Amino acid sequence: MTDWIKATELAPLRLRKRLKVIVENIAIALFYVDGKVFALADICVHKGSHLSQGLVFKGRVVCPGHQWAFDLTTGWADQWAKCQPVFPVRVEGDVVYVKLEPQVRTSPPTPAHDSGEPG
Ligand code: FES
């Protein structure tokens, strides 16, 4: 069990909507969407493009490499049955914290995947 580690201040993430941070040598892409913060591994599981440079559309981040679309909550890419690691994230005051416990699904989430639990 790891501790919560400060990833960034909330203000620059809220302003830019996406931000790459390095936490203990791990590159993490943070996204701010509809008042929520999501944290995924920055390096794409397909061929290594940076998700922090991707576009967010309908709850997914679209990788700039080959346009795989990863669910911001689960990391799952429906069309390829692959999962981008996601990190537990929380906001406390003006600080965003992550836990370096990446979660990777091995099966698709159920339609109501709001639990965020890996499958
Ligand atoms: S590198 Fe991300 S989809 Fe190919």
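Me: Which residue is the bridge partner of Thr-8 in β11?
Reply: In this predicted model, Thr-8 has Val-96 as its bridge partner in β11. That pair lies within a wider contact between strands: β1 and β11, the latter covering residues 95–99, run antiparallel and are joined by five bridges.

Me: What is the strand order of the open sheet?
Reply: The order is β1-β11-β10, three strands with antiparallel pairing. The edge strands, β1 (4–9) and β10 (89–92), each pair on one side only. From one strand to the next, the twist averages 35°.

Me: How should the sign of phi be read?
Reply: For most residues other than glycine, phi is negative. Asn-25 departs from that sign, with a positive phi of about 70° although it is not a glycine.

Me: Where is Asn-25 placed?
Reply: Asn-25 sits in the loop between β2 (18–23) and β3 (26–33).

Me: Why does Asn-25 count as exposed?
Reply: The criterion for an exposed residue is 12 or fewer other C-beta atoms within 10 Å of its own. Asn-25 counts as exposed because it has 6 C-beta neighbours inside 10 Å.

Me: What is the phi of Ala-81, and where is that residue found?
Reply: The phi of Ala-81 is near 50°, a positive value in a residue other than glycine. Ala-81 belongs to the loop between β8 (76–77) and β9 (82–83).

Me: Is Ala-81 buried or exposed?
Reply: Ala-81 is exposed, because 11 other C-beta atoms lie within 10 Å.

Technical notes
Residues numbered from 1 in each chain as written. Predicted model: local features only at pLDDT ≥ 70, side-chain atom pairs only at ≥ 80, totals over all residues. Pairing = 2+ DSSP bridges. Helix = DSSP H or I, 4+ residues; strand = E, 2+ residues; numbered from the N terminus. Axes fitted to C-alpha atoms, helices over the stretch in contact; angles between N-to-C directions. Buried ≥ 20, exposed ≤ 12 C-beta atoms within 10 Å, placed from the backbone.
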